[in-house]
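I opened the notebook to look up how strands pair and where charged side chains meet. The chain and its fold are shown here.

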Amino acid sequence: MNDKPRTTSERVVVVSPDIQTLIGLLPTDSRHVASRRILKAPGVGVVRLSLDAGHSMDEHHAAVPVLIQVLAGEVEIAAGSTRARLAAGGLLYLAAGERHAVRARTRADLLLTLVDGRKSRSRTSATHYEATAIQDRRRPIGDNLVLASNGADSVALGAITRSHAELAGALAAHASRLLDVAGTGNAKAMEEARRRLVDWARSDLFPLFAAEADILYPEAGRVGAKEPDLAEALFDGQERISALLEEASAHLAPAPLAAATVALRVAVGHQLNMEMERLLPALAASTRHSLAELWADVEHAQSRASLESAKTEAVDPGHAGPAEAACECGVGDDPELPELDLRPVPPAIRHATVFGALDSLRPCEGLVLVAAHDPLPLLAQIRQRSGDRFAVRYLQRGPGDWRLKLVFSDQAATTR
């Protein structure tokens with residue numbers, strides 16, 4: 001069989017001659033759920049999934065009816081009040097929009113058939129479940145599965161989602177810090193937190209949004225009639241974010257500054273929701289675009305804009321650079337640290353969200369992580385990524401919640 005995903009309008013297609021060939025189309029990946037579309041035809045899409053034992057897909061939904069067939073192994077599927085355990089040969093039907101989660105009890109091979117008689121392109125499949133709760137703990141970003149037309153686009157989807165998650169984590173840390181000090185009446189600390197939020201937005205957030213506006217947003221009007229107003233909504237969202245940043249940039253009293261900060265975080269969350277739930281699925285499913293190439297252009301433009309921003313700050317005498325860290329870690333009062341609750345953040349982007357928050361810290365600053373379990377894999381990745389820069393202290397060790405304090409220090413050693 002051809003190794004490339006098959007897109008066809010033919011009336012008769014042999015998708016696979018036998019079960020062994022069908023299973024052999026997609027080896028299991030021990031790091032994550034593996035996915036590959038094997039047929040895209042008018043009104044139907046067929047996707048192969050492979051899950052290693054213990055791997056799972058968090059709760060999600062498809063916009064069209066789905067048939068899930070187990071080719072080999074055993075899985076558990078939770079949908080509403082139904083808990084089904086399916087072995088090889090098992091077949092499950094899900095109506096459009098039905099939320100469900102999948103967990104592999106053993107190594108498992110699945111076949112997904114997405115049926116949409118209204119059009120030839122399905123917008124949802126099992127390539128990615130990437131989401132984060134950044135604007136509101138009750139509403140995660142992009143709880144759809146996004147269908148990528150090839151492997152390179154699938155990799156690009158992961159990179160985009162991780163980039164968004166890191167931004168969300170950094171914004172959460174900056175906003176929490178500002179909101180904490182806004183209620184203390186400490187004008188100097190509030191001004192410092194405000195300036196850091198604004199500087200970060202101009203050096204990190206806006207270059208990305210500007211690059212996406214130049215490269216991705218215009219494509220929204222070229223992917224068909226399904227999203228006729230999407231480009232306009234995306235541009236309007238950016239204007240709203242710019243206006244809110246200007247409000248936060250002004251010398252405001254604590255109450256309006258806090259209000260502008262909360263509104264900014266909500267607006268950024270809404271913008272990323274639109275991108276994840278509407279823009280990226282349309283671009284990834286379209287055969288006229290290479291999402292991987294578009295994202296490479298975005299990253300290049302973002303890097304160029306960030307460098308220009310850094311040059312402007314360097315020559316601007318009115319720009320107040322970063323304050324010197326004039327503390328001795330471990331000495332003096334232990335300030336209240338901003339808190340990052342990981343429990344509502346989907347596992348697929350949980351680590352990226354934390355990395356973004358940690359990247360916003362300076363020496364002697366820290367944050368408190370709240371998790372539903374001991375986050376040992378996360379701590380291992382932090383150490384691999386940052387060495388001994390973050391001292392870790394457990395504030396609570398279960399049984400329901402785990403709370404850890406991480407403090408940034410160039411010479412910190414992890415303590416358990």
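My entries on one sheet and on several salt bridges follow.

**Entry 1: the sheet**

I noted first that the model is predicted. I then traced an open sheet of five strands, with antiparallel pairing. Its order reads β1-β2-β9-β4-β7. I looked up the edges and found β1 (34-41) and β7 (91-94), each of which pairs on one side only. From one strand to the next, the twist averages 20 degrees.

**Entry 2: one pair of strands**

I picked β4 (residues 66-72) and β9 (residues 108-115) from this sheet. The two run antiparallel and share six bridges. Which residue of β9 does Val66 stand opposite? I found Leu114 there.

**Entry 3: Arg362 and Glu192**

I turned to charged side chains. How many salt bridges does the count come to? The count is 19. I looked at one of them, between Arg362 and Glu192, where N and O lie 2.8 Å apart. Arg362 sits in the loop between α7 (350-359) and β13 (366-371), while Glu192 belongs to helix α3 (residues 187-215), so the salt bridge ties together parts that are 170 residues apart in sequence. I also checked the surface of Glu192: its relative accessible area is 22%, so I wrote it down as partly exposed. The cut-off for buried is under 20%.

**Entry 4: Glu339 and Arg403**

The next salt bridge I looked up joins Glu339 and Arg403, with the closest N and O atoms 2.9 Å apart. Glu339 is in strand β12 (residues 339-341) and Arg403 in strand β15 (residues 402-408), and the pair links these distant parts of the chain, 64 residues apart. Are the two partners buried or exposed? I found Glu339 partly exposed at 36% relative accessible area, and Arg403 partly exposed at 24%.

**Entry 5: Asp359 and Arg385**

I then went to two helices. The side chains of Asp359 and Arg385 form a salt bridge, 2.8 Å from N to O. Asp359 lies in helix α7 and Arg385 in helix α8 (residues 376-386), 26 residues apart. Asp359 has a relative accessible area of 48% and is partly exposed. Arg385 is partly exposed too, at 38%.

**Entry 6: a network**

Last, I looked for salt bridges that share partners. Which residues do they join into one network? I listed Glu74, Glu76, Arg85, Arg103 and Arg105.

Key: Residues numbered from 1 in each chain as written. Predicted model: local features only at pLDDT ≥ 70, side-chain atom pairs only at ≥ 80, totals over all residues. Heavy atoms only, no water. Pairing = 2+ DSSP bridges. Helix = DSSP H or I, 4+ residues; strand = E, 2+ residues; numbered from the N terminus. Axes fitted to C-alpha atoms, helices over the stretch in contact; angles between N-to-C directions. Salt bridge = Lys/Arg side-chain N within 4 Å of Asp/Glu carboxyl O. Buried < 20%, exposed > 50% of the residue type's maximum accessible area, 1.4 Å probe, protein only.
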